[in-house]
Amino acid sequence: MPIIEQFDCPYCMTKSSGFQVVGSYRRNNSIEFVRGTSDYYRVYEDWFFLSCGKCTKCISAFYSLKKKNSEFGLDTAMKGHGSLAQFDYKYGDHMPKDASTDEPLYLPEKVAIPFRQSVSNVAASNWDAAGVMARKTLEVATKDIVRQRFDSEDERERLIKNTWLKARIRKLKETGYLTDGLSDLATLIKDEGDDATHEEEPYTESEARELVGYAQALLTYVYSIPGMVAKVREKVEGADSLRDHSGDSAAKTVPPSKHDND
Ligand SMILES: [Zn+2]
């Protein structure tokens with residue numbers, strides 16, 4: 001049994017994925033004697049190369065390992081025991097921790113969740129599932145925009161619970177919360193996502209990758225750019241208030257969206 005360790009996969013985003021050691025490089029190997037006794041420690045410093053059980057992509061992990069009075073080396077341990085838990089001391093660090101540049105910044109968590117699933121399904125070659133989750137990302141994002149923008153509770157309720165996605169996109173366009181270009185993009189994601197959901201033909205790799213790319217572009221416009229602008233504004237206004245020594249220390253930040261906690 002090869003050694004298996006758990007990490008959050010930076011590529012397919014699987015939480016606590018089982019990673020299998022596929023190679024290693026020993027940087028140091030020594031024995032520490034415990035003074036005044038016959039005890040000793042075997043000490044190893046190893047780089048491991050581990051492959052994700054879900055998407056097979058590799059990370060490297062550095063370990064410093066220590067085992068008391070051990071008769072065998074780590075190579076034997078890897079073959080015979082399959083676990084690093086047997087070591088008295090273990091320190092590990094790994095990289096990359098975050099390899100994905102696919103996720104737009106400043107996404108609300110409930111929008112990020114289906115988007116991550118669409119990305120991880122692409123990584124795992126599940127093209128239909130990737131398409132379905134891209135469409136779901138749009139579904140959740142449009143509802144989030146409604147929550148943030150519409151004051152009337154009745155209207156929010158109606159647009160979120162009793163309105164089809166197509167009509168919701170139209171409403172967001174009419175009210176100017178989605179520009180013409182973004183509502184076209186949203187409609188494209190909806191139509192393509194419908195194909196992935198309902199068509200008999202399997203969704204292809206290029207279709208899935210394109211669709212996830214469209215969703216990524218939409219989220220960048222809807223969340224990342226306003227988020228970045230708000231950050232810059234916060235910084236500028238923070239600097240201004242420091243400069244004028246007005247004594248008014250209340251930070252002028254962009255107010256959080258009204259219905260964040262819904
Ligand atoms: Zn993975």
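Strand 2 and strand 3 run antiparallel and are joined by 13 bridges; strands count as paired when DSSP finds at least two bridges between them. Strands here are DSSP runs of E with at least two residues, helices are runs of H or I with at least four, and both are numbered from the N terminus. This is a predicted model, in which local features need pLDDT of at least 70 and side-chain atom pairs count only at pLDDT 80 or more, while totals for chains, interfaces and linings use all residues. Residues are numbered from 1 along each chain as its sequence is written.

Let's stay with the strands for a moment. Six residues lie between strand 2 and strand 3 in their hairpin, and there Gly36 takes a positive phi near 80°. Strand 2 also pairs antiparallel with strand 1.

| Strands joined | Bridges | Residues standing opposite |
|---|---|---|
| Strand 1 and strand 2 | four | Ile4 and Gln20 |
| Strand 2 and strand 3 | 13 | Phe33 and Tyr40 |

Now to the interior. The largest nonpolar core has 48 residues, and Ile189, Val212, Ala215, Leu218 and Leu219 are those with the most contacts inside it. Such a core is a set of buried Ala, Val, Leu, Ile, Met, Phe, Trp, Tyr and Cys residues joined through C-beta atoms within 7 Å; buried means that 20 or more other C-beta atoms lie within 10 Å of a residue's own, with C-beta atoms placed from the backbone. Elements giving two or more residues to this core include strand 3 (40–52), strand 4 (58–68) and helix 7 (205–243). Helix 3 provides the largest share, nine residues.

Note on methods:
A residue is buried if 20 or more other C-beta atoms lie within 10 Å of its own, exposed if 12 or fewer, and partly exposed in between; C-beta atoms are placed from the backbone.
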